[in-house]
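User: I'm new to this and would like a close look at the empty spaces in this model and what sits around them. Could you walk me through it slowly, and then show me how some charged side chains pair up?

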Amino acid sequence: MASVEEQVVETNGSAPEGSQIPVENPATGQVIAHVPDMGADEVKEMARKARAVQPAWEALGFEGRGRILKRMQKWVLDNRDEIIAVIRSETGKTYEDAQLAEISYGAAAFGFWADNAPVYLADEKVKSANVLVKGKKLITRYKPLGLVGVIGPWNYPLTNSFGDCIPALAAGNAVILKPSEVTPLTSLKLLEGLRECGVPEHVFQVATGRGGTGAALTDEVDMIMFTGSTATGKKVMQRAAETLTPVSLELGGKDPLIVLADADLERAANSAIYWGMFNGGQTCISVERVYVEEPVYDAFVAKVTEKARALRQGSGEMGTADVGSMTFPPQVDIVERHVEDAKAKGAKVLVGGKRGSGAGYWFEPTVLVDVDHTMECMTEETFGPTLPIMKVSDAEEAIRLANDSPYGLGASVYGKDVHRAEAVGRRLESGAVCINDSLVNYTALELPMGGAKASGLGTRHGAGGIRKYCQQQAIVVTRFAMKKELYMYPYNSRVTRLLGKTFNLLYGRGKRD
């Protein structure tokens, strides 16, 4: 099997002139590979091949597909260092970030969906109160849609890009993945693994390219899963509407962290720093803004400042750096704009606040205070290594400000009175809330992961995370029946009156006040 680099070169050899996309190492700014910018005709041909092989893949059943997914689970672990090297080369992550958020997720997901696909997608027997179907067998069936398209983001090329393909494959679909043009190499590496583990050719394919490739993919598939910005998600949904193609969208976030007066400040500060700076802050459910009750504000800020100053930023080997580079060059501009906007409106920078001066795409881990909702850093998705902290008078103000956002992906609340902290969390307009923790809900694959408001439609993980790749089919089986039902033609007044009395008996009794 060819390596990722060899596959890229082979594909490049047949690509038309000028259709190549350079892939950079964001830690150095150097071009490390080129991949083709595939056009609509190429995507159409990929879809044709996928549809041709999908029935055989579905016919393998859950057990047959599960065996291949379990092989892939072991392949990921056996090849972790090689996969991490590819991930780091195109994202600028630290070794630890890649291992924790990418390798561990991928390994867990292959086993989880292999084990749970037959559970979540098993036929469901249904009981009905309607007398007209008494004695009949009622079944809800989950049938794979056929061909699923996944358009992935650049920040997590395994977890949030390839990861959405795993349940789609487990359900019996063929899948075409359009990774971000910024980070396509990880997807090609994992394609290599799937082939080695026995996935038939064309069941899983990778369509490298820019936005036009994603638009072409949307036109060809039976369902599209998109992860990315809210602005682009709207475009995907608009395109899909032309063909009535169902969509699932995980979009932007501006996740709040609330520190109550009785919180364990050491844990809250460690969590805020870690989950605000993890992966360079380039996580859809990163801690993007912090609200702290006034009595503990100064102590909390002091702890966070001390911890932020101790962070090591770099691209060295394991154990040598805490925060890596940023991945997407324009995102550095956004982070800088948010910090400068905050400073211009009265915020103070306690740590960091500047771009890196060397090669590559870097921004210093940054802590901001004296912030408010007139500032972009508190209202727009920053997606970088910044932590703005705002003082609030009480929990009510924290709740109001946390909900003052078009986004609602994740949130967290810290307080020793767990019942009170949970009560606060239940009032937050968010798809997920962690109490005395942050982001760990994503690792519980049994829980739905999705956003409220402008943060998306649909969920990943849990039963809904695989059923969305299926068509619900209702089956009614009549085993014992008369030659003709009472309500069938020809109508007569006696039967009509009898049916009317029956409906009154079934549905007309009981109080209505």
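Analyst: Let's begin with the second largest cavity: β10 and β15 (407–408) each supply at least two residues of its lining. Keep in mind that this is a predicted model. The volume of this second largest cavity is about 50 Å³. Its lining has 13 residues, and those nearest the centre are Pro256, Arg289, Tyr407, Gly408 and Glu429. Sorted by class, the lining has five nonpolar, four polar and four charged residues.

Now for the largest cavity, with about 70 Å³ of space. Strand β10 (255–259) turns up here too, since β10 and β16 (410–414) each give at least two residues to this lining. The largest share, three residues, comes from β16. Among the lining residues are Asp255, Pro256, Ile285, Gly410, Ala411 and Ser412. Pro256 is a handy one to find on your screen, because it appears in the lining of the largest cavity and also among the residues nearest the centre of the second largest. As for class, the largest cavity has five nonpolar residues, five polar and one charged. If you count every cavity of 30 Å³ or more, you get seven.

How do you spot gaps like these at all? Rolling a probe the size of a water molecule over the atoms shows where empty space is left.

Next, the largest pocket, which holds about 840 Å³ of space. Here 38 residues make up the lining, with Trp154, Phe226, Gly228, Ser229 and Thr232 nearest the centre. Four elements each supply at least two of the lining residues: α9 (211–220), β8 (223–227), α10 (230–241) and α13 (329–344). Helix α10 gives the most, six residues. The class split is 14 nonpolar, 15 polar and nine charged.

Helix α13 is a good bridge to your second request, the charged pairs. Side chains of opposite charge can pair when their charged atoms come close. Glutamate 336 makes a salt bridge with arginine 355, with the closest N and O atoms 3.0 Å apart. Glutamate 336 belongs to helix α13 and arginine 355 to the loop between β12 (348–351) and β13, so this pair ties together parts 19 residues apart in sequence. Are these two buried or exposed? Neither, quite: glutamate 336 is partly exposed at 28% relative accessible area, and arginine 355 is partly exposed at 34%.

Helix α13 takes part in another pair, too. Glutamate 376 and arginine 337 meet through their side chains in a salt bridge, 3.2 Å from N to O. Here glutamate 376 sits in helix α14 (residues 376–379) and arginine 337 in helix α13, 39 residues apart. Arginine 337 counts as partly exposed because its relative accessibility is 39%, which falls between the 20% and 50% cut-offs.

For a pair with a bigger number attached, look at glutamate 124 and arginine 467, whose side chains form a salt bridge at 2.9 Å, N to O. Glutamate 124 is in strand β3 (residues 124–126) and arginine 467 in helix α17 (residues 464–467), so the pair links distant parts of the chain, 343 residues apart. Glutamate 124 is partly exposed at 29% relative accessibility, and arginine 467 is partly exposed at 27%.

Salt bridges can also join up: Glu82, Lys189 and Glu192 are linked in a network. The full count of salt bridges in the model is 33.

Key. Residues are numbered from 1 along each chain as its sequence is written. This is a predicted model: local features need pLDDT of at least 70, side-chain atom pairs count only at pLDDT 80 or more; totals for chains, interfaces and linings use all residues. Side-chain values use heavy atoms; hydrogens and water are left out. On a 1 Å grid over the protein atoms alone, a cavity is a set of points where a 1.4 Å probe fits but cannot get out, and a pocket is an open set with protein on both sides within 12 Å along at least five of seven lines; lining residues have an atom within 4 Å of a point. Grid points are joined across faces, edges and corners, and a volume is the space filled by probe spheres set on the points. Ala, Val, Leu, Ile, Met, Phe, Trp, Tyr, Cys and Pro count as nonpolar, Asp, Glu, Lys and Arg as charged, and the others, Gly among them, as polar. A salt bridge is a side-chain nitrogen of Lys or Arg within 4 Å of a carboxyl oxygen of Asp or Glu. Buried means under 20% relative accessible area, exposed over 50%, partly exposed in between (1.4 Å probe, protein chains only).
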